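Below is a walk through one protein chain, from a pair of facing residues out to the whole fold. Keep the sequence and the model side by side while reading.

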Amino acid sequence: MNRENRKPPRFPMFLDLSGRLCVVVGGGGVGLRRAETLLTCGARVKLIDPAPVPAPEGVEHVRRDYRAGDLEGAALAVAATGSRPVNRRVGLDAKALGIPVSVADCQEECTFFFPALCLGDGLAVGVVSDGSRHAETARVAKAIRQCLEELS
C-alpha cells in the first residue's frame, strides 16, 4: 500500500491518571482487562455492570445498568459491554462531556485507543495498530515486555 492510501498513525499520548476517576462500562473480559490496566496506572476505577463480575480489588463495582450521569467527573471512559446501543450511548455521553472515550466495538466512535500496555522499571510503552492488526499488536507488545524484563 502506498503512503497516500494509508491512514495516519495514532498519536501516542500518556496521561497521569493518579487518583482520577475512570469509568468502565461493561464487566466482560475486555472491560475487566481495561479496569485492571487503569487501576495499575493509579486511576480510581468505577466499573458499571449489572452482573456479578470478578472485579479487581480496588475497583468500585456498581451493579446496575449504565445510565445518564454515570460519567460525571470522569477523566476517561471505556464502553465495553456486549450491547451496541449501550456502547454507543456511553460514547455519545462521553463526547458531550468532553471525556476521552474508548468504544470497544466501534473504533469510529473512539476519541482514544486503548493500548497494549508494557511496563518495566519506571518505563511505560503503549502499542496500538490501525485497528485491524490485533494479533500483530499482541505479538509486538509481548516482545517489548520481554525486552523491558531483560533491561531490568
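**From one residue pair to the fold**

Leu-21 stands opposite Arg-44 in strand E2. The model in which this pair is seen is a predicted one. The two residues belong to a pairing between strands E1 and E2, which run parallel to each other and are joined over five bridges.

On to the next strand. E2, residues 44–48, also pairs with E3, again in the parallel sense, and here over three bridges. In this pairing Lys-46 stands opposite Glu-60 in E3. How enclosed is E2 by the rest of the structure? Four of its five residues are buried, so E2 is largely enclosed. The cut-off behind that statement is a relative accessible area under 20%.

These pairings are part of an open sheet of five strands, in the order E3-E2-E1-E4-E5, with parallel pairing. Strand E3 (60–62) and strand E5 (101–103) stand at the edges of the sheet; each has a single partner strand, so one side of each has no neighbour there. From one strand to the next, the twist averages 15°.

A helix packs against part of this sheet. Helix H2, residues 84–97, lies across strand E1 (21–25), strand E4 (76–79) and E5. Relative to E5, helix H2 runs at about 165°.

The C-terminal part of the chain offers two residues worth finding in the model. Gly-126 lies in strand E7. Is Gly-126 buried, exposed or partly exposed? Its relative accessible area is 30%, and the partly exposed class covers values between the 20% limit for buried and the 50% limit for exposed, so Gly-126 counts as partly exposed. Leaving aside neighbours within four places in sequence, Gly-126 is in contact with Phe-14, Pro-115 and Ala-116. Phe-14 is 112 residues away from Gly-126 in sequence, yet the two C-alpha atoms are 8.5 Å apart in space.

Ser-129 is found further along, in the loop between strand E7 (123–127) and helix H3 (134–151). With a relative accessibility of 16%, Ser-129 counts as buried, because that value falls under the 20% cut-off. A polar atom of the Ser-129 side chain lies 3.5 Å from the backbone nitrogen of Arg-133. Beyond its neighbours within four places in sequence, Ser-129 is in contact with Arg-10 and Thr-137.

Now the chain as a whole. Its secondary structure comes to three helices and seven strands. Read from the N terminus, the elements run β-α-β-β-β-α-β-β-β-α. Among contacts between residues at least 6 apart in sequence, 41% join residues at least 24 apart; the contact between Gly-126 and Phe-14, with their positions 112 residues apart in sequence, is one to look at in the model.

What do the overall dimensions say? The C-alpha atoms fill a box of roughly 40 × 40 × 25 Å along the principal axes. For 152 residues, a compact globule would have a radius of gyration near 15 Å, and the chain's 16 Å agrees with that. Buried residues make up 36% of the 152. The chain exposes about 9,300 Å², and carbon and sulfur atoms supply 53% of that area.

Conventions. Residues are numbered from 1 along each chain as its sequence is written. This is a predicted model: local features need pLDDT of at least 70, side-chain atom pairs count only at pLDDT 80 or more; totals for chains, interfaces and linings use all residues. Side-chain values use heavy atoms; hydrogens and water are left out. Two strands pair if DSSP finds at least two bridges between them. Axes are lines fitted to C-alpha atoms, for helices over the stretch in contact, and angles run from 0 to 180 degrees between N-to-C directions. Contact means heavy atoms within 4.5 Å. The radius of gyration is taken over C-alpha atoms; the globule rule is 2.2 Å times the number of residues to the power 0.38. Buried means under 20% relative accessible area, exposed over 50%, partly exposed in between (1.4 Å probe, protein chains only). Accessible areas come from the Shrake-Rupley method with a 1.4 Å probe; for residues, only the protein chains shown count as cover. A polar contact is a pair of N or O atoms within 3.5 Å; within protein, one must be able to donate a hydrogen and the other to accept it, and residues adjacent in sequence count only if both atoms are side-chain atoms.
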